[in-house]
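Trainee: I would like to learn how to read a structure one feature at a time. Could we take each feature slowly, with the general idea and then the case in front of us?

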Amino acid sequence: MDFESENLNQMKDIASAIRAIRKQKGMTLRDVELRSNGVWKSVVIGSYERCDRTLSLKRAIALAAFYQVPLDQLLGLSKMRASSPNSI
């Protein structure tokens with residue numbers, strides 16, 4: 001697999017992890033916007049979940065804090081490590 005394909009797959013894994021966490025918290029996209037008092041717009045969260053928008057590290061940290069989960073869980077890193085234990 002080439003670098004671009006691997007990178008795209010990792011981005012999709014991150015997007016899936018973000019969506020999974022939101023759903024585990026029992027929230028809709030609208031709920032996120034309401035509970036964050038508009039800090040997190042539903043359209044923006046939806047864009048992250050669809051891989052239509054890049055999530056900066058600063059925003060990822062803030063989103064993990066909002067969802068009250070570790071950053072590695074938000075980014076799906078624990079899942080990636082489990083599936084590729086020898087990768088860095």
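Trainee: In which element is Ala-20 found?

Mentor: Bearing in mind that this is a predicted model, Ala-20 is found in helix α1. Its relative accessibility is 33%, so Ala-20 counts as partly exposed, since that value falls between the 20% and 50% cut-offs. Sequence distance and spatial distance should be read side by side here: Ala-20 and Gly-76 are 56 residues apart in sequence, and their C-alpha atoms are 9.7 Å apart in space.

Trainee: What separation do the C-alpha atoms of Asp-31 and Lys-41 have?

Mentor: Those two C-alpha atoms are separated by 9.7 Å, with the residues 10 apart along the chain. Asp-31 lies in helix α2, and with a relative accessible area of 22% Asp-31 is partly exposed.

Trainee: How many helices and strands does the protein chain have?

Mentor: The secondary structure comes to 6 helices and 0 strands, so read from the N terminus the order is α-α-α-α-α-α. Of the 88 residues in the chain, 31% count as buried. Among contacts with a separation of 6 or more, 48% are accounted for by residues 24 or more positions apart.

Trainee: How should I read α3, and how many of its residues are buried?

Mentor: In α3, 7 of the 8 residues are buried, so this helix is largely enclosed by the rest of the structure. The buried residues are Ser-42, Val-44, Ile-45, Gly-46, Ser-47, Tyr-48 and Glu-49, and they pack against α1, α2 and α4.

Trainee: Which residues of α4 are buried, and where do they sit around its axis?

Mentor: Helix α4 spans residues 57-67, and its buried residues are Ala-60, Leu-63, Ala-64 and Tyr-67. They cover an arc of only 100° around the axis, which means that they lie on the same side of α4. On the other side of the helix, Lys-58 and Ala-65 are exposed. The elements covering the buried residues of α4 include α1 (3-24), α2 (29-35), α3 (42-49) and α5 (71-74).

Trainee: How is a pair of aromatic rings described?

Mentor: In general, such a pair is described by the distance of the centres and the angle of the planes. Here the count comes to 1 aromatic pair. The rings of Phe-66 and Tyr-67 have centres 5.3 Å apart and planes at 55°, so the pair is described as tilted. As for accessibility, Phe-66 has a relative value of 23% and therefore counts as partly exposed, whereas Tyr-67, at 1%, counts as buried.

Trainee: What sign does phi have in most residues other than glycine?

Mentor: Most residues other than glycine have a negative phi, so a positive value is worth a second look. Asn-37 has a positive phi near 55° and lies in the loop between α2 and α3. With a relative accessibility of 72%, Asn-37 counts as exposed.

Trainee: Where is Cys-51 placed, and what is its phi?

Mentor: Cys-51 is in the loop between α3 and α4, and its phi is positive, near 65°. Its relative accessible area is 27%, so Cys-51 is partly exposed. Just after α4, Gln-68 also takes a positive phi, of about 60°.

Trainee: How is empty space in a structure found, and what volume does the second largest pocket have?

Mentor: The general idea is that rolling a probe the size of a water molecule over the atoms shows where empty space is left. In this structure, the second largest pocket has a volume of about 240 Å³. Its lining consists of 15 residues, and those nearest its centre are Met-11, Ile-14, Thr-54, Leu-55 and Leu-75. The elements giving two or more residues to this lining are α1 and α4, with the largest share, 6 residues, coming from α1.

Trainee: How do the residues of that lining divide into nonpolar, polar and charged?

Mentor: The lining of the second largest pocket divides into 10 nonpolar residues, 4 polar residues and 1 charged residue.

Key: Residues numbered from 1 in each chain as written. Predicted model: local features only at pLDDT ≥ 70, side-chain atom pairs only at ≥ 80, totals over all residues. Heavy atoms only, no water. Phe/Tyr/Trp six-rings, centres within 6.5 Å; stacked < 30°, edge-to-face > 60°. Buried < 20%, exposed > 50% of the residue type's maximum accessible area, 1.4 Å probe, protein only. Helix = DSSP H or I, 4+ residues; strand = E, 2+ residues; numbered from the N terminus. Arc of directions from axis to C-beta. Contact = heavy atoms within 4.5 Å. 1 Å grid on protein atoms, 1.4 Å probe; cavity = no way out; pocket = protein on both sides within 12 Å on 5 of 7 lines; lining within 4 Å. Points joined across faces, edges and corners; volume = space filled by probe spheres on them. Nonpolar A, V, L, I, M, F, W, Y, C, P; charged D, E, K, R; others polar.
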